[in-house]
Amino acid sequence: MRVTAPVDPRDSSAAFYALVPAAGSGARMGGEKPKQYLPLAGRPLIWHGLRALCGVARISRVFVVLSPHDADWVAHDWSTFGTKLMPLFCGGATRADSVLNGLRATADQVRAEDWMLVHDAARPCLTSAQVDSLIDTVCRDSPGDGGILALPVADTLKRADEHAAIATIAATVPRSGLWQAQTPQMFRHGDLLRALASGKDAQAIEAITDEASAMEMLGFRPCLVKSDPGNLKVTYPSDQRLAEWILQQRGEMT
């Protein structure tokens, strides 16, 4: 059964905030330093996404959810973002835990009806224009359900045979109607907090791979806002090189 906050979808007084979970270790990158602090175009990787979010005038504050034991944050200069950027040392064991902890930590500053845009720390090539597009589309077309940046699947998809000794094709999956989820993902603070808390209560928190999946469990139908491949997620070292090339082509090297 869908549970939603008593919010008038036509309400234009809701404020906008962003939350960036950054408590992970980035083990798949194969290094000792957490992925969000790896160097990219002369700055920590996370810096670039924060610049895009802080550059959106409508976003009142950008919260960064860090591990309680994070010792790297203070080693970098974040002064260019001023007071708009606020670290929260309350990260959890999973992404969903970190987002839920961040929502709870900001409940005294953010109203239930306000919008929260959750963005991956590992997506450094986000642009302020993409954020504006997400905000405009959701507020116009889906103020009750929220929405996410996403990209229609262009490649042919293959399902592997899980029982084979080597990776072999078990089936070709129709790509019609399939989208790749990106971030930010934008939902009402109160709705998202309830969705993630419900998942934790149901011991399904590890099955929640993004905010939209938690919202879907409660019956919400977030809209898909078309993005582009440049908003990639840095998962492997080759992604880091591609992200740096994208920033270089935009003239965003520092």
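Student: Which backbone oxygen lies 3.0 Å from a polar atom of the Thr106 side chain?
Tutor: That of Gly102. Keep in mind that this is a predicted model.

Student: Where is Thr106 placed?
Tutor: In the loop between α2 and β6.

Student: Buried or exposed, Thr106?
Tutor: Buried. Its relative accessibility is 0%.

Student: What is Thr106 in contact with, leaving aside neighbours within four places in sequence?
Tutor: Phe63, Leu88, Met116 and His189.

Student: Staying around α2, where does Asp97 sit?
Tutor: In helix α2 itself, residues 95-105. Asp97 is buried, at 10% relative accessible area.

Student: Which side chain does Asp97 join in a polar contact?
Tutor: That of Lys200, at 3.1 Å. Setting aside neighbours within four places in sequence, Asp97 also contacts Gly92 and Ile205.

Student: Now α4. What span should its 13 residues have?
Tutor: At 1.5 Å a residue, 18 Å. The end C-alpha atoms of α4 are 18 Å apart, so the helix agrees with expectation.

Student: Which α4 residues are buried?
Tutor: His189, Gly190, Asp191, Leu192, Leu193, Ala195, Leu196, Ala197 and Gly199.

Student: And what do those buried residues pack against?
Tutor: Against α2, β6, β10 and α5 (211-217).

Student: What follows α4?
Tutor: Gln203, with a positive phi near 55 degrees.

Student: Which residue that is not a glycine has a positive phi of about 55 degrees?
Tutor: Ala41. Ala41 lies in the loop between β2 and β3 (43-44). It is buried, with 3% relative accessibility.

Student: Where is there a cis peptide bond?
Tutor: Between Thr183 and Pro184, with omega about 10 degrees. Pro184 belongs to strand β10, residues 179-188.

Student: On to the core. Which residues touch the most other members of the largest nonpolar one?
Tutor: Leu50, Val62, Trp78 and Leu117. That core has 33 residues.

Student: Which elements give two or more residues to this core?
Tutor: β1 (16-22), α1 (45-54), β4 (59-66), β6 (115-118), α3 (128-141) and β11 (223-226). The most come from α1, which gives six residues.

Student: What does Leu50 touch, not counting residues up to four places away in sequence?
Tutor: Val20, Val62, Val64, Trp73, Trp78, Phe81 and Leu85.

Student: What lies apart from this core?
Tutor: Another core, of 29 residues. Tyr17, Val110, Leu192 and Ala195 are among its members. In soluble globular proteins, nonpolar side chains tend to be buried together.

Student: Switching to α6. How many residues does it have?
Tutor: Helix α6 has 13, residues 237-249. From first C-alpha to last it reaches 19 Å, close to the 18 Å expected at 1.5 Å a residue.

Student: Which residues of α6 are buried?
Tutor: Asp239, Gln240, Ala243, Ile246 and Leu247.

Student: What arc do they cover around the axis?
Tutor: Only 120 degrees, so they fall on the same side of α6. On the other side, Arg241 and Gln249 are exposed.

Student: What do the buried residues of α6 pack against?
Tutor: β2 (39-40) and α1.

Student: What comes just after α6?
Tutor: Gly251, which takes a positive phi of about 75 degrees.

Student: And in the loop between β11 and α6, which residue can we look at?
Tutor: Thr235 lies in that loop. Thr235 is buried, at 12% relative accessible area. Its C-alpha and that of Arg123 are 9.4 Å apart, although 112 residues separate the two along the chain.

Student: Last topic, cysteines. How many disulfides does the structure hold?
Tutor: Zero. For Cys90, the nearest cysteine sulfur is that of Cys54, 17 Å away.

Student: Why is Cys223 not bonded to Cys139?
Tutor: Because their sulfurs are 9.7 Å apart, too far for a bond. Cys139 holds the closest cysteine sulfur to that of Cys223.

Student: Is Cys223 buried or exposed?
Tutor: Buried, at 16% relative accessibility.

Terms used:
Residues are numbered from 1 along each chain as its sequence is written. This is a predicted model: local features need pLDDT of at least 70, side-chain atom pairs count only at pLDDT 80 or more; totals for chains, interfaces and linings use all residues. Side-chain values use heavy atoms; hydrogens and water are left out. A nonpolar core is a set of buried Ala, Val, Leu, Ile, Met, Phe, Trp, Tyr and Cys residues joined through side-chain atoms within 4.5 Å. Buried means under 20% relative accessible area, exposed over 50%, partly exposed in between (1.4 Å probe, protein chains only). Helices (H or I, at least four residues) and strands (E, at least two) are DSSP runs, numbered from the N terminus. Contact means heavy atoms within 4.5 Å. The expected span of a helix is 1.5 Å times one less than its number of residues. The arc is that of the directions from the helix axis to the C-beta atoms. A polar contact is a pair of N or O atoms within 3.5 Å; within protein, one must be able to donate a hydrogen and the other to accept it, and residues adjacent in sequence count only if both atoms are side-chain atoms. A disulfide is a pair of cysteine sulfur atoms within 2.5 Å.
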